[in-house]
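I opened this structure to see how its chain is put together. My notes follow in the order I looked things up.

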Amino acid sequence: MNEKIKLLAKEAGFNHMGIGLIIGIEEYHQKFAELIVRECADICEKDGRWWADQGYLMEAGEAGSLATQIKEHFGVK
């Protein structure tokens with residue numbers, strides 16, 4: 001498994017003893033999915049900042065718009 005996925009799983013509440021000792025399984029799945037969505041949106045936002053730094057404001061705006069659309073699509077704030 002990818003190291004980033006492992007870190008997200010741990011942040012969501014997974015531990016080596018199993019799920020459920022920290023939080024319930026449904027809460028874990030919800031949190032884990034939300035963290036993945038945030039990571040994807042953050043990539044778009046980072047890309048938008050890069051485009052803005054290069055002076056390409058249209059591309060920067062499109063990347064920022066994608067980040068917003070991803071979060072809205074999955075109901076993540």
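Before placing any residue, I fixed what I call a helix: a DSSP run of H or I with at least four residues, numbered from the N terminus. With that settled, I placed W50 in helix 2. The model is predicted, and I kept that in mind throughout.

**Entry 1: overall layout**

I counted the elements next. The protein chain has three helices and zero strands. Read from the N terminus, the order is α-α-α. I then asked how much of the chain is buried. Buried residues account for 23% of the 77 residues. The exposed surface of the chain comes to about 5800 Å². Carbon and sulfur atoms supply 58% of that surface. I also checked the contacts between residues at least 6 apart in sequence. Of these, 44% join residues at least 24 apart.

**Entry 2: the nonpolar core**

Which residues form the largest nonpolar core? I found six: L8, A9, A12, Y28, F32 and L35. Helix 1 (3–12) and helix 2 (25–53) are the elements that each give two or more residues to this core.

I looked at two members in turn. L35 touches L8, E11 and A12, once its neighbours within four places in sequence are set aside. Of those partners, L8 and A12 are also listed in the core. Y28 sits in helix 2. Is Y28 buried or exposed? Its relative accessible area is 8%, so I logged Y28 as buried, the cut-off being under 20%. I also noted a spacing for Y28: its C-alpha atom is 9.4 Å from that of E11, with their positions 17 residues apart along the chain.

**Entry 3: helix 2 against helix 3**

Two packed helices are described by the angle between their axes and the distance between the axes. I took both values for helix 2 and helix 3 (residues 57–74). The axes come within 7 Å and cross at roughly 170°. That angle is over 145 degrees, so helix 2 runs roughly antiparallel to helix 3.

Which residues make the contact? From helix 2 I listed V37, C40, A41, C44, E45, D47, G48, W51 and A52. From helix 3 I listed L57, E59, A60, A63, L66, A67, I70, K71 and F74. Sorted by type, the residues of this contact are 13 nonpolar, one polar and four charged.

**Entry 4: K71**

K71 is part of helix 3. I wanted to know whether this lysine is buried or exposed. K71 has a relative accessible area of 18%, and the cut-off is under 20%, so K71 counts as buried. Leaving aside neighbours within four places in sequence, I found K71 in contact with V37, A41, E45 and V76. V37, A41 and E45 also appear on the helix 2 side of the contact with helix 3.

**Entry 5: W50 and G75**

I went back to W50. Its relative accessible area is 46%, and I logged W50 as partly exposed. W50 and A60 are 10 residues apart in sequence, and their C-alpha atoms are 7.4 Å apart.

Where is G75? I found G75 in the segment after helix 3. Its relative accessible area is 63%, over the 50% cut-off, so G75 counts as exposed. The C-alpha atoms of G75 and V37 are 9.5 Å apart, while the two residues are 38 residues apart along the chain.

Technical notes:
Residues are numbered from 1 along each chain as its sequence is written. This is a predicted model: local features need pLDDT of at least 70, side-chain atom pairs count only at pLDDT 80 or more; totals for chains, interfaces and linings use all residues. Side-chain values use heavy atoms; hydrogens and water are left out. A nonpolar core is a set of buried Ala, Val, Leu, Ile, Met, Phe, Trp, Tyr and Cys residues joined through side-chain atoms within 4.5 Å. Buried means under 20% relative accessible area, exposed over 50%, partly exposed in between (1.4 Å probe, protein chains only). Contact means heavy atoms within 4.5 Å. Accessible areas come from the Shrake-Rupley method with a 1.4 Å probe; for residues, only the protein chains shown count as cover. Axes are lines fitted to C-alpha atoms, for helices over the stretch in contact, and angles run from 0 to 180 degrees between N-to-C directions. Angles under 35 degrees count as roughly parallel, over 145 as roughly antiparallel, 65 to 115 as roughly perpendicular and the rest as oblique. Ala, Val, Leu, Ile, Met, Phe, Trp, Tyr, Cys and Pro count as nonpolar, Asp, Glu, Lys and Arg as charged, and the others, Gly among them, as polar.
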